[in-house]
Amino acid sequence: MIIPLFLPQQGCPDRCIYCNQEGLTGAKGLPRPDDIDETINKYLESYKGEDPQADHEIAFYGGSFTGLPDGVQEKLLSLAHPWVGRRGIRGLRLSTRPDRVNGKTVARLKAYGVATVEVGAQSMNTQVLENIDRGHGPAATVQAVQLLKQEGIKVGLHLMTGLPGDSEATSLSSLLECLWLKPDFLRIHPTLVLKGSPLEQRWRSGEYAVWSLGKTLRLLTQMALLCAQQGVPVIRWGLMPGELCVNSCLAGPYSPSLGEWVRRSVAFHYVLAMVAAFEKESRNFCLKSETFDDAMQLLIPPQDLSLVHGHKRWLLRHMYGISSLKICQAIPSTAAGPVKPGLPLHGNWALASGGKSIFIFTQEEYIANWRI
Ligand code: SF4
């Protein structure tokens, strides 16, 4: 569990044009010492997990932690650090911007038990970074990641899509540059127009046009598969859904279940690739797909069933007309194999007839054969 302590836009030299952390988090300024203990206790008491030695982290989110004055950083870290090692809290975590990471700050983070730093890369395209008034270039991200990794601190990178001047190609090349840095995980956020952000004015004047959800989902599916090829997990797609997010968002590709849609889209392409491979094999062995046609199922990990049956069986409905196979439902598999790191599915999927597996198409085969 992550226990968030918000410090909206604190430590930031300027405001990036899409940002309105106060609107998103409902917080203002720095957390007070009492708030820190109170928030941590509240989260620990509400924790329903079974493992008493759970992997909790206390996270300073919503600003540029390492951009705060040295004394403020020391103060906040010294208030949170005594919790490390108690009640399942493994370490501290924080988010920051790449141009506020240097050798001195990294040494301080290390000394206070900071286990994970989330670095806001947002884009690796120089022009896009200029367009959003980011105030640093891609080299700052490269350097920040290297410094943190050298000290054994886990690194997560934040990327955005649909920023002003962005395209699908620049988003994908930004992702590839981030993957080359071998982060431990990514968060990928489509750009939304948030109330009170500088982007709101550009959007209202027609200078900025939001991306559609469909275009965004197509891109995120490709990004998910690129991450899977490199074995890097994406721990969040889009902003945390919730009342504050809904109230803050004026326009853009918002969905409260964006992550589920990305997983469903990845699963859809998995099934398409599996059917194509099955049909090829059937041709090779002179089998007619009609041999199996009236009782085809997907045999999949139980955790993935909602991807097939959810949203009014979207996945199966979209298979009709594309495939000659009639796949009528998904059934849970007890032998789906290991989870492929980075792929947002829970094991191998197979085609079944009469409830019995007839063709396994592994996640490895899917990922190895996938091309943009
Ligand atoms: S650095 Fe992060 S928190 Fe600060 S203004 Fe930019 S996006 Fe917002």
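This note sets out points on the packing, one buried histidine and the internal space of a predicted model.

1. Basis. Residue numbers start from 1 along each chain as its sequence is written, and side-chain values use heavy atoms, without hydrogens and water. In this predicted model, local features need pLDDT of at least 70 and side-chain atom pairs pLDDT 80 or more, while totals for chains, interfaces and linings use all residues.

2. Main core. The largest nonpolar core (buried Ala, Val, Leu, Ile, Met, Phe, Trp, Tyr and Cys residues joined through side-chain atoms within 4.5 Å; buried means under 20% relative accessible area with a 1.4 Å probe, protein chains only) comprises 85 residues. L186, L298, L315 and W349 have the most contacts inside it. Helix α11 (258–284; a DSSP run of H or I, at least four residues) supplies the largest share, 11 residues. Because domain 1 (2–256) and domain 2 (263–369) both contribute residues, this core lies between them; the bounds come from an automatic or database domain assignment.

3. L298. Beyond four places in sequence, the contacts of L298 (heavy atoms within 4.5 Å) include V271, M274, L315, I331 and W349.

4. H158. This residue belongs to strand β5 (154–161; a DSSP run of E, at least two residues). H158 counts as buried because its relative accessibility is 15%. Residues touching H158 include E118, R187 and H189.

5. Internal space. The largest cavity (points on a 1 Å grid over the protein atoms alone where a 1.4 Å probe fits but cannot get out) is lined by residues including P190, L239, Y254 and L258, each with an atom within 4 Å of a point.

Notes
Buried < 20%, exposed > 50% of the residue type's maximum accessible area, 1.4 Å probe, protein only. 1 Å grid on protein atoms, 1.4 Å probe; cavity = no way out; pocket = protein on both sides within 12 Å on 5 of 7 lines; lining within 4 Å.
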